Amino acid sequence: MEAKTTVMVFIDPPKVRATPFTTSAVIAECAGVQHHAVQQMCARYKSDLEEFGLVAFEMRAVKEPGARGTKFEKIWHLTEGQAMLILAYLRNTPQVREFKKRLVKEFQRMKAELTKREVNRAKGLPARRTLTDAIHDCLSDTPHKFRYYKIYTDLAYKVVTGLTAAQVRKERGAGPKSNAADYLTSGELEAVERVSGQIAVLIEAGMRYAEIRDILTRARGE
């Protein structure tokens, strides 16, 4: 029976410029076939799949009840074109046909989400410059003023996500030198942009960090 709540499309890394993919395990579960059969098909038609881009996979640990040690199985990562090709090679049962439609819609939804993130990321740049200008103009006589760029950026992130930029990177699998904004959802990007603008206004009003933090925290309802 097909699992209605199965997550079908992923992005890795979970950032703006990423390629959505599904997996051989998802195809097996949702199409109602054995995973081993899908794995064999991916291996057999690997050259066909490569016509639609690089073929990736991961080795996932599988703990079988009663078995000694841990086994590993190959989970194929398939782009939209690669997944559609594998599905075309499967027997066209009613379940497979229904899954094809759902999978196409999920890829469309994920690509729309990534596009929205990209747009919001671009929209956020002027707000970032506004915050930067506010710090530069209003804190010019403050010792070590450059550390306030990080402090206020972390404040905006914490107000929106509950995490600092560094914590966002760690939690979402980004490298320590990655741009944390690339790992936010479109909604989070919009919120960070809005909060950054609010911080800039409060800085220009002459408020100190503790006052700004308290105002934004109260506004969040904490």
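Q: Which residue follows helix 1, and what is the sign of its phi?
A: In this predicted model, helix 1 covers residues 24-31, and the backbone position that comes after the helix has a phi near 75 degrees. That angle is positive, and the residue that carries it is G32.

Q: Is helix 1 largely enclosed or exposed, and how many of its residues are buried?
A: The buried residues of helix 1 include V26, I27 and C30, and S24, A28 and A31 belong to the buried set as well. Because these make up most of the eight residues in the element, helix 1 is largely enclosed by the rest of the structure, and the number of buried residues is six.

Q: Within what arc do the buried residues of helix 2 fall, seen down the axis of the helix?
A: In helix 2 the buried residues are H35, V38, Q39, M41 and C42. Seen down the helix axis they line one face of the helix, because their directions fall within an arc of 160 degrees.

Q: Which exposed residues does helix 2 carry on the face turned away from its buried side?
A: The buried side of helix 2 holds, among others, V38 and M41. On the face turned away from that side, the exposed residues are H36 and R44.

Q: In what order do the helices and strands of the protein run from the N terminus on?
A: The protein has nine helices and three strands, and among the 222 residues of the protein 39% count as buried. Read from the N terminus on, the order of the elements is β-α-α-α-β-β-α-α-α-α-α-α.

Q: How many residues apart are Y45 and Y89, which form an aromatic pair?
A: A search of the whole structure finds five aromatic pairs, and one of them is the tilted pair of Y45 and Y89, with 4.5 Å from centre to centre and 50 degrees between the planes. Y45 lies in the loop between helix 2 and helix 3, whereas Y89 lies in helix 4, and so the pair links distant parts of the chain. Y45 has a relative accessibility of 27% and counts as partly exposed, as does Y89 with 34%; the separation of the two along the chain is 44 residues.

Q: Which parts of the structure does the aromatic pair of F57 and W76 tie together?
A: F57 and W76 form a tilted pair, with ring centres 5.9 Å apart and 55 degrees between the planes. The two residues are 19 apart in sequence, so the pair ties together the elements in which they lie, namely strand 2 (residues 56-62) and strand 3 (residues 71-78).

Q: Is W76 buried or exposed?
A: The partner of W76 in the tilted aromatic pair is F57, and F57 counts as partly exposed at 42% relative accessibility. W76 has a relative accessibility of 3%, and because the limit for a buried residue is under 20%, W76 counts as buried.

Q: Which residue has its charged end over the ring of F57?
A: F57 lies in strand 2, and together with M59 and F72 it forms a nonpolar patch on the surface that has about 330 Å² of accessible area. A charged end sits over the ring of F57 at 4.2 Å from the ring centre, and the residue it belongs to is K74.

Q: Over the ring of which residue does the charged end of R147 sit?
A: Ring pairs link Y148, Y152 and Y209 into a cluster. The charged end of R147 is 5.0 Å from the centre of a ring in this cluster, and that ring belongs to Y148.

Q: By about how many helical turns are K101 and E98 separated?
A: Side chains of opposite charge can pair when their charged atoms come close. The count of salt bridges comes to eight, and one of them joins K101 and E98 at 3.4 Å from N to O. K101 is partly exposed at 49%, as is E98 at 36%. Because they are three residues apart in helix 5 (residues 94-138), their separation is about one helical turn.

Q: Which residue forms a salt bridge with E188?
A: E188 lies in helix 8 and counts as buried at 17% relative accessibility. Its partner lies in the loop between helix 7 and helix 8, so the pair ties together parts that are 16 residues apart in sequence. The closest N and O atoms are 2.7 Å apart, and the partner is R172.

Note on methods
Residues are numbered from 1 along each chain as its sequence is written. This is a predicted model: local features need pLDDT of at least 70, side-chain atom pairs count only at pLDDT 80 or more; totals for chains, interfaces and linings use all residues. Side-chain values use heavy atoms; hydrogens and water are left out. Rings of Phe, Tyr and Trp (its six-membered ring) pair if their centres lie within 6.5 Å; planes under 30 degrees apart count as stacked, over 60 as edge-to-face and the rest as tilted. Helices (H or I, at least four residues) and strands (E, at least two) are DSSP runs, numbered from the N terminus. Buried means under 20% relative accessible area, exposed over 50%, partly exposed in between (1.4 Å probe, protein chains only). A charge sits over a ring if NZ of Lys or CZ of Arg is within 6 Å of the ring centre and within 35 degrees of the ring normal. Patches are made of residues with over 30% relative accessible area and no salt bridge: like charges are joined within 9 Å, nonpolar side chains (Val, Leu, Ile, Met, Phe, Trp, Tyr) within 5 Å. Accessible areas come from the Shrake-Rupley method with a 1.4 Å probe; for residues, only the protein chains shown count as cover. A salt bridge is a side-chain nitrogen of Lys or Arg within 4 Å of a carboxyl oxygen of Asp or Glu. The arc is that of the directions from the helix axis to the C-beta atoms.
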